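Trainee: I am new to this structure. Could we go through some of its features one at a time?

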Amino acid sequence: MRIIHYSTLVLIVLGLLSCDDENSTPEPDPVVFMTIELKETFMDNSTDKWVFATNERGEILDVVQLQSGTPTVELKTTTPFATFNFTIFSFYDGPNHFSLETFKGFPENETIVLGTTPITPAAPAGNANITVTNYTESDATFDVKFSTKKFGTNGVTNPVISGSNYSADITLGTSSETVHVYGIRSGIPVYSMVSNVLPNVSRSVDFLSFTPFENVVQLPFIGYAYTVGIEDDKSQFELVATSKQASADPRQLYTATVPGFSKYLTYIVSFTGFEYWRIGAPITSFAPPVYSISISNNTSQNFQSAITGSHDYKSVDFAKQTGNESASWRVHADNNTDLNIDFDLPNELKLDYPTLTVDGLQYRISSFYRSS
């Protein structure tokens with residue numbers, strides 16, 4: 001019989017463990033794959049907020065509960081992925097409502113900003129009075145608009161119509177301001193730029209001298225649209241032309257621009273779900289796309305849809321009501337990615353909200369987007 005002493009056995013075990021340590025591969029450190037900047041307004045109203053991400057196989061990459069006062073959040077993982085899905089979870093109590101929004105098909109190393117930083121407007125420099133003379137159209141208080149750089153159309157007070165004159169007090173953001181005045185003359189959108197407007201001074205402008213807008217694009221009455229000028233790269237917008245029904249044809253809308261801005265934002269939305277936006281040069285023409293949406297399965301896990309018509313992005317809304325609780329889930333994707341919810345909730349959310357499940361979410365509405 002062969003006898004192995006206890007001390008020898010210990011040495012053998014230790015040697016084996018040493019060999020295992022030398023041959024084993026250390027666990028990789030988690031890698032940051034998404035950075036989130038949280039602005040003050042993002043945490044408003046909701047009782048609880050989380051963010052989580054899954055890869056294209058539905059595996060949870062990371063989940064983080066958001067806290068007020070935390071400016072930056074990083075999502076990390078050691079799980080490989082080609083693309084990932086990013087979901088924002090919000091809970092609102094009284095009545096209880098779960099709100100989720102998923103963005104599918106993110107590439108690696110993304111940085112996003114959620115919410116905004118509230119801006120305290122500068123103190124006004126004073127008011128000026130501007131009178132539009134020779135106004136002969138229908139309703140000046142409805143058709144004529146005044147706009148300034150810092151206050152847009154919000155700083156207009158005390159409108160007065162007297163005969164063919166229409167006057168209003170305009171809040172100025174600086175000691176010398178350019179005020180845009182615009183309206184519709186014989187169904188044509190027209191404008192005037194009143195420069196060097198000073199506080200506590202009255203100015204007048206002849207409506208018959210107003211210049212037709214540039215890039216006037218007639219739109220069918222499909223919903224609403226607007227164009228704004230971008231003041232600088234910080235995207236401080238000044239209203240250029242509110243789109244509205246032109247008086248010459250109540251079935252028409254228009255977008256239009258005035259010169260002097262480096263770029264323009266045009267946004268068009270239809271009542272049937274189509275949205276279009278463009279940042280850069282103003283549009284010079286627009287034809288609503290011919291499209292249709294067909295749904296072959298209306299549950300969130302197996303949702304399938306087909307959209308005919310040119311689009312870059314699409315979204316779908318699911319919802320359900322159970323007793324005193326409701327849930328809504330919106331999913332966004334590009335035109336090559338499915339809109340179904342093909343992943344489960346992370347265990348952390350299941351523990352905190354055991355009644356929340358993906359099951360039972362039903363299709364509500366689809367939209368698709370086109371940008372250029």
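Trainee: In which helix is the place of aspartate 143?

Mentor: This is a predicted model, so every value here is computed from predicted coordinates. The helix in question covers residues 140–143. Aspartate 143 therefore has its place in helix 2.

Trainee: Is aspartate 143 buried or exposed?

Mentor: Its relative accessibility is 10%. Buried means under 20%. Aspartate 143 therefore counts as buried.

Trainee: What distance separates the C-alpha atoms of aspartate 143 and proline 189?

Mentor: Along the chain, aspartate 143 and proline 189 are 46 residues apart. In space, their C-alpha atoms are separated by 9.7 Å.

Trainee: Does asparagine 196 count as buried, partly exposed or exposed, and what is its relative accessibility?

Mentor: Asparagine 196 lies in strand 13, residues 188–197. Its phi is near 55°, a positive value in a residue other than glycine. Exposed means over 50%. Asparagine 196 therefore counts as exposed, at 52%.

Trainee: And asparagine 215: buried, partly exposed or exposed?

Mentor: Asparagine 215 is placed in strand 16, residues 214–220. This residue is not a glycine either, yet has a positive phi of about 50°. Its relative accessibility is 28%, and the class between 20% and 50% is partly exposed. Asparagine 215 therefore counts as partly exposed.

Trainee: Which strand gives the largest share of the lining of the second largest pocket?

Mentor: The second largest pocket holds about 230 Å³ of space. Its lining consists of Phe103, Lys104, Gly105, Phe106, Tyr313, His332, Ala333 and Asp334. Strand 6 (96–106) and strand 25 (325–334) each supply at least two of these residues. The largest share, four residues, comes from strand 6.

Trainee: How many residues of that lining are nonpolar, polar and charged?

Mentor: Lys104 and Asp334 are among the lining residues, and Lys and Asp count as charged. By class, the lining of the second largest pocket has four nonpolar, two polar and two charged residues.

Trainee: Which strand supplies the largest share of the largest nonpolar core?

Mentor: Of the 23 residues in the largest nonpolar core, Phe89, Phe98, Trp329, Ile341 and Tyr353 touch the most other members. Strand 2 (48–55), strand 5 (84–92), strand 6, strand 24 (313–322) and strand 25 each supply at least two residues of this core. The largest share, four residues, comes from strand 25.

How values were computed:
Residues are numbered from 1 along each chain as its sequence is written. This is a predicted model: local features need pLDDT of at least 70, side-chain atom pairs count only at pLDDT 80 or more; totals for chains, interfaces and linings use all residues. Side-chain values use heavy atoms; hydrogens and water are left out. Buried means under 20% relative accessible area, exposed over 50%, partly exposed in between (1.4 Å probe, protein chains only). On a 1 Å grid over the protein atoms alone, a cavity is a set of points where a 1.4 Å probe fits but cannot get out, and a pocket is an open set with protein on both sides within 12 Å along at least five of seven lines; lining residues have an atom within 4 Å of a point. Grid points are joined across faces, edges and corners, and a volume is the space filled by probe spheres set on the points. A nonpolar core is a set of buried Ala, Val, Leu, Ile, Met, Phe, Trp, Tyr and Cys residues joined through side-chain atoms within 4.5 Å.
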